[in-house]
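User: I would like to learn how to read the features of a model such as this one, step by step. Could we begin with the whole chain and then turn to single residues?

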Amino acid sequence: MWKKTFNVECMGCGIQRSIALITKGEFVSAFYMYPAIYTLIGMFAFFLLHLKFQFKIGHKIILGLFILNISIIVISYLIKTF
């Protein structure tokens with residue numbers, strides 16, 4: 001809807017298609033569709049583990065993964081746009 005309305009992609013464009021590609025077993029295509037998909041999956045998996053086991057420096061690791069994901073998303077968006 002964002003792309004149709006404003007004629008530019010949003011930073012989240014492609015994430016649903018990327019998840020669909022992963023479920024079909026097309027892992028490389030999923031990465032090309034949305035480069036941050038695997039780091040996002042890793043971050044959410046670690047977050048769930050941290051909720052259960054309360055790692056001592058888990059909050060710092062989650063913050064680092066968050067910064068990494070935001071960086072990948074912004075850089076890939078800029079590469080697509082320009």
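Analyst: Of the 82 residues of the chain, 22% count as buried, and please keep in mind throughout that this is a predicted model. The chain exposes about 6,300 Å², of which carbon and sulfur atoms supply 74%.

User: What does the secondary structure of the chain come to?

Analyst: There are five helices and zero strands, so that, read along the sequence, the pattern is α-α-α-α-α. Taken along the principal axes, the C-alpha atoms fill a box of roughly 45 × 25 × 20 Å. Among contacts between residues at least 6 apart in sequence, 31% join residues at least 24 apart.

User: How should I read burial along a helix, and which residues of α2 are buried?

Analyst: One looks at where the buried residues point around the axis. In α2, which spans residues 15-23, the buried residues are S18, L21 and I22. Seen down the axis of α2, they fall within an arc of 100 degrees, and therefore they line one face of the helix. The face turned away from that buried side carries the exposed residues Q16 and T23, while the cover over the buried residues includes α3 (27-33) and α4 (37-53). After α2 comes G25, which has a positive phi, near 90 degrees.

User: With what is S18 in contact, leaving aside its neighbours within four places in sequence?

Analyst: S18, a residue of helix α2, is in contact with A30, M33, Y34 and I37 once those neighbours are left aside. Its relative accessibility is 0%, and it therefore counts as buried. By contrast with those contacts, S18 and K60, which are 42 residues apart in sequence, lie 28 Å apart in space, C-alpha to C-alpha.

User: How many disulfides does the count come to, and why is C10 not bonded to C13?

Analyst: The step to take is to compare the sulfur separation with the cut-off, since a disulfide is a pair of cysteine sulfur atoms within 2.5 Å. The count comes to zero, because the sulfur of C10 is 3.0 Å from its closest cysteine sulfur, that of C13, which is too far for a bond. C13 is likewise in no disulfide, its nearest cysteine sulfur being that of C10. As for accessibility, C10 is partly exposed with a relative accessible area of 27%, whereas C13, at 16%, counts as buried.

User: Which residues make the nonpolar surface patch?

Analyst: A patch is read as a group of side chains rather than residue by residue. Here M11, L63, F66, I67, I70, V74, L78 and F82 make a nonpolar surface patch of about 790 Å². One of them, I70, lies in helix α5, residues 58-81, and counts as partly exposed at 40% relative accessibility.

User: Why would one take note of a positive phi in a residue that is not a glycine?

Analyst: The general idea is that most residues other than glycine have a negative phi, so a positive value is worth a note. In this chain N7, which is not a glycine, has a positive phi of about 65 degrees; N7 is found in the loop between α1 (2-6) and α2, and counts as exposed at 67% relative accessibility. Q54, also a residue other than glycine, has a positive phi near 50 degrees. Q54 lies in the loop between α4 and α5 and is exposed, with a relative accessible area of 52%.

Note on methods. Residues are numbered from 1 along each chain as its sequence is written. This is a predicted model: local features need pLDDT of at least 70, side-chain atom pairs count only at pLDDT 80 or more; totals for chains, interfaces and linings use all residues. Side-chain values use heavy atoms; hydrogens and water are left out. Buried means under 20% relative accessible area, exposed over 50%, partly exposed in between (1.4 Å probe, protein chains only). Patches are made of residues with over 30% relative accessible area and no salt bridge: like charges are joined within 9 Å, nonpolar side chains (Val, Leu, Ile, Met, Phe, Trp, Tyr) within 5 Å. Accessible areas come from the Shrake-Rupley method with a 1.4 Å probe; for residues, only the protein chains shown count as cover. A salt bridge is a side-chain nitrogen of Lys or Arg within 4 Å of a carboxyl oxygen of Asp or Glu. Helices (H or I, at least four residues) and strands (E, at least two) are DSSP runs, numbered from the N terminus. The arc is that of the directions from the helix axis to the C-beta atoms. Contact means heavy atoms within 4.5 Å.
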